[in-house]
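Hi,

Here is the structure I promised to pass on. Have a look at it first, then read my notes below.

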Amino acid sequence: MTGRPRLLVTRRLSPEVEARAGRDYDAVFNPADRVLTREELVAACQDVDAVLPCHSERFDADVIAALPDRLRLIANHSVGVDHVDLVAARARGIVVTNTPDVLSDATAEIAILCMLGAARRGAEGDRLVREGRWTTWSPSFMVGTQVTGKRFGILGMGRVGRVAAARARGFGMEIHYHNRRPLPQDAAQGAIWHDTPESLIAASDVLSLHCPATPETVGIINAARIALMPRGAILVNTARGALVDEDALVAALQDGHLFAAGLDVFRTEPGGNPALAALDNVFLLPHVGSATFETRIAMGYRALDNIDALFAGREPADRVA
Ligand code: 8YV
């Protein structure tokens, strides 16, 4: 390769991030931030050495097969990599990286927002006031459920899960979690390990999902496991919509088995699920877990750090394939 590596940045990123990308690479941007079709994505990748995509671009096996030999790196602007076929990338010798750590605080904040929004009927109350329908008050008006002192269950006690645990401790919540193996004591900070998802689910007043979407976890929150949640429990999902059987969730929210849900992610994105949106006891956000000014810059820089490493002949710190 002669000159600066050519880099495709698929979506509009923070000005600071684009400035650095433009300084260090022969960068191609998407100033209109139009979502590329699959064909446009493949075409745009033909004359680049690396691509910096978001989870809005799918690199399935067919897309990866259509990438040019010169493309060495898919440097994702996301911690989740379920939009990339890692096996296919590996087989073609294409390096794949993600952006862990830098979004843990922001995503944990959104998990807490979802928990509180669900527990204290945040969306319902907001709509009532906003739409001019707040015409009464009584001690039995808009009564929610308190999280203080309750059990906060974490499915997937990784980076985000641990920050969410720390925040939930601030509400005096007892922390429970399931990972395949228990964490070392200093990392667990007194959190109670469950050896199966079922055991965790049955012990969670608030169940918060923090695991990636993999073949093992897709649909993990199904009707049978929802039935194990204590009556009146709350489900929080800031990880991936694919973890949840949304029809089963709607049924449990309708029949009162669950008090509420707080959801930042959905099986269909963008858009969400109209059946969930029709329910009052759901607090909804449009996949904004990492959407803070600070975190967007940090994610972009982290992706660029990985690109810098590869083209400097070093191993990228966040290599996942
Ligand atoms: C991002 C995410 O908003 O990092 C992830 O896996 O889902 C979100 O934090 C998104 O992927 C940005 O590209």
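How far does a polar side-chain atom of Arg-240 lie from an oxygen atom of the ligand? The distance is 2.7 Å. Keep in mind that this is a predicted model.

Arg-240 has company around the ligand. The surrounding residues are Cys-54, His-55, His-77, Ser-78, Val-79, Gly-80, Leu-103, Arg-240, His-287, Ser-290 and Arg-296. Sorted by type, that shell has 3 nonpolar, 6 polar and 2 charged residues. Gly-80 makes its approach through the backbone, with an N or O atom there lying 2.8 Å from a ligand oxygen. For Arg-296, an N or O atom in the side chain is 3.2 Å from an oxygen atom of the ligand. On its own the ligand has 330 Å² of accessible area, and the protein covers 93% of that.

Now for the inside of the protein. In soluble globular proteins, nonpolar side chains tend to be buried together. Here, the largest nonpolar core has 29 residues, and the members that touch the most others are Met-115, Phe-152, Met-157, Ile-175 and Val-206. Two or more residues each come from helix H5 (104-119), strand E6 (151-155), helix H7 (159-169), strand E7 (174-178) and strand E10 (233-237). H5 gives the largest share, with 8 residues.

Try clicking on Met-157. Beyond its close neighbours in sequence (those within four places), Met-157 is in contact with Arg-162, Ala-165, Ile-175, Tyr-177, His-178, Asn-179, Leu-183 and Ala-191. There is also a second, separate core of 28 residues, with Leu-209, Val-244, Leu-249 and Phe-266 among them.

Next, helix H6, which runs over residues 122-130. Its buried residues are Ala-123, Glu-124, Gly-125 and Leu-128, and they pack against H5 and strand E12 (282-284). Just after H6 comes Gly-132, which takes a positive phi of about 70°.

One last stop is Thr-238, in the loop between E10 and helix H11 (246-254). Is Thr-238 buried or exposed? Its relative accessible area is 7%, so Thr-238 counts as buried, the cut-off being under 20%. Leaving out residues up to four places away in sequence, Thr-238 touches Thr-107, Ile-110, Ala-111, Cys-114, Leu-209, His-210, Asp-264 and Val-265. Leu-209 should ring a bell, as the second core includes this residue.

Have fun exploring!

How values were computed. Residues numbered from 1 in each chain as written. Predicted model: local features only at pLDDT ≥ 70, side-chain atom pairs only at ≥ 80, totals over all residues. Heavy atoms only, no water. Near = heavy atom within 4 Å. Polar contact = N/O pair within 3.5 Å; in protein donor to acceptor, adjacent residues only side chain to side chain. Areas by Shrake-Rupley, 256 points an atom, 1.4 Å probe, with all protein chains shown as cover. Nonpolar A, V, L, I, M, F, W, Y, C, P; charged D, E, K, R; others polar. Core = buried A, V, L, I, M, F, W, Y, C linked by side-chain atoms within 4.5 Å. Buried < 20%, exposed > 50% of the residue type's maximum accessible area, 1.4 Å probe, protein only. Helix = DSSP H or I, 4+ residues; strand = E, 2+ residues; numbered from the N terminus. Contact = heavy atoms within 4.5 Å.
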